[in-house]
Amino acid sequence: MSFELTGKLIVKEDTVNISDRFKKREFVIDVPNDRNPEWNDTIKFQTTQDRTELIEPYNLGDEIKVAFNIRGNKWERDGKVNYFTNLEAWRIDKVDAGGGSTPSAAPLPNQPDALPPEEGEDDFPF
């Protein structure tokens with residue numbers, strides 16, 4: 001299932017290499033809250049593998065529309081179970097002044113999720 005949100009780009013992190021086979025990049029948008037305009041929502045997204053460059057053409061303050069999927073993972077270590085939810089961005093479009101969007105990053109075809117690092121490679125659960 002795919003979702004879309006529109007907001008102002010407020011954080012753009014560098015790409016992080018988790019292992020030799022897995023890299024990710026995070027960014028955050030400020031989304032107006034329809035119920036209470038005084039309380040905007042700050043939503044963090046991530047891109048992985050060859051999609052880490054999708055956010056590159058955009059600058060802080062740009063109004064963008066993000067198409068994303070919701071991914072959830074269960075991670076067990078030392079008898080403890082943790083659950084993680086990620087918003088995986090797969091397309092980003094710049095929103096013009098009239099409220100419409102103009103594609104400036106071509107969508108990549110859907111690909112299977114990247115494999116996380118092998119057990120014991122690092123302490124990251126993803």
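Strands are DSSP runs of E at least two residues long, numbered from the N terminus. The legends below refer to a predicted model.

**Figure 1. The whole chain, made up of seven strands and zero helices.** From the N terminus on, the order of elements is β-β-β-β-β-β-β. The chain has 126 residues, of which 33% count as buried. Among the contacts with a separation of 6 or more, 55% are between residues 24 or more positions apart. The close-up views that follow take up parts of this fold one by one.

**Figure 2. The second largest pocket, with strand 6 as the largest contributor to its lining.** The space in this pocket is about 180 Å³. Its lining consists of 10 residues, and Glu26, Lys44, Gln46, Thr85 and Asn86 are the closest to the pocket centre. Strand 3 (22–31), strand 4 and strand 6 (80–95) are the elements that each give two or more residues to the lining. Strand 6 provides four of the lining residues. Sorted by class, the lining holds four nonpolar, three polar and three charged residues.

**Figure 3. Aromatic pairs around Phe68, part of a cluster of rings.** A pair of aromatic rings is described by the distance of the centres and the angle of the planes. The model has four aromatic pairs. One of them joins Phe3 and Phe68, which are stacked with 5.7 Å from centre to centre and 25 degrees between the planes. Phe3 belongs to strand 1 (residues 2–12) and Phe68 to strand 5 (residues 63–77), so this pair spans 65 residues of sequence and links distant parts of the chain. Are the two partners buried or exposed, by relative accessible area? Phe3 has a relative accessible area of 31% and is therefore partly exposed, while Phe68, at 5%, is buried. Phe68 also pairs with Phe45, here in an edge-to-face arrangement with 5.1 Å between centres and 65 degrees between planes. Phe45 lies in strand 4 (residues 41–48) and Phe68 in strand 5, so this pair ties together parts 23 residues apart in sequence. Phe45 and Phe68 are both buried. Ring pairs connect Phe3, Phe27, Phe45 and Phe68 into a cluster.

**Figure 4. The largest nonpolar core and the surroundings of Phe27.** In soluble globular proteins, nonpolar side chains tend to be buried together. The largest nonpolar core of this model has 15 residues, and those touching the most other members are Phe27, Ile29, Phe45, Ile64 and Val66. At least two residues of this core come from each of strand 3, strand 4, strand 5 and strand 6. With neighbours within four places in sequence left aside, the contacts of Phe27 include Leu9, Val11, Ile43, Phe45, Ile55, Ile64, Val66, Ala89 and Ile92. Phe27 is also in contact with Lys12, Lys44 and Thr47.

**Figure 5. Asn69, a buried residue of strand 5.** The relative accessible area of Asn69 is 14%, under the 20% limit, so Asn69 counts as buried. Beyond its neighbours within four places in sequence, Asn69 is in contact with Met1, Ser2, Asn86, Leu87, Glu88 and Trp90. From C-alpha to C-alpha, Asn69 is 9.8 Å from Phe45, and the two are 24 residues apart in sequence.

**Figure 6. Asp62, a buried residue in the loop between strand 4 and strand 5.** Asp62 has a relative accessibility of 14% and so counts as buried. Not counting residues up to four places away in sequence, Asp62 touches Gly7, Lys8, Leu9 and Lys94. The C-alpha atoms of Asp62 and Lys94 are 7.2 Å apart, with their positions 32 residues apart in sequence.

**Figure 7. Gln49 and Asp78, two loop residues with positive phi.** Most residues other than glycine have a negative phi. Gln49 is not a glycine, yet its phi is positive, about 55 degrees. Gln49 sits in the loop between strand 4 and strand 5, and at 24% relative accessibility Gln49 counts as partly exposed. Asp78, also not a glycine, has a positive phi of about 55 degrees. The loop between strand 5 and strand 6 holds Asp78. Is Asp78 buried or exposed? Its relative accessibility is 75%, so Asp78 counts as exposed.

Note on methods:
Residues are numbered from 1 along each chain as its sequence is written. This is a predicted model: local features need pLDDT of at least 70, side-chain atom pairs count only at pLDDT 80 or more; totals for chains, interfaces and linings use all residues. Side-chain values use heavy atoms; hydrogens and water are left out. Rings of Phe, Tyr and Trp (its six-membered ring) pair if their centres lie within 6.5 Å; planes under 30 degrees apart count as stacked, over 60 as edge-to-face and the rest as tilted. Buried means under 20% relative accessible area, exposed over 50%, partly exposed in between (1.4 Å probe, protein chains only). On a 1 Å grid over the protein atoms alone, a cavity is a set of points where a 1.4 Å probe fits but cannot get out, and a pocket is an open set with protein on both sides within 12 Å along at least five of seven lines; lining residues have an atom within 4 Å of a point. Grid points are joined across faces, edges and corners, and a volume is the space filled by probe spheres set on the points. Ala, Val, Leu, Ile, Met, Phe, Trp, Tyr, Cys and Pro count as nonpolar, Asp, Glu, Lys and Arg as charged, and the others, Gly among them, as polar. A nonpolar core is a set of buried Ala, Val, Leu, Ile, Met, Phe, Trp, Tyr and Cys residues joined through side-chain atoms within 4.5 Å. Contact means heavy atoms within 4.5 Å.
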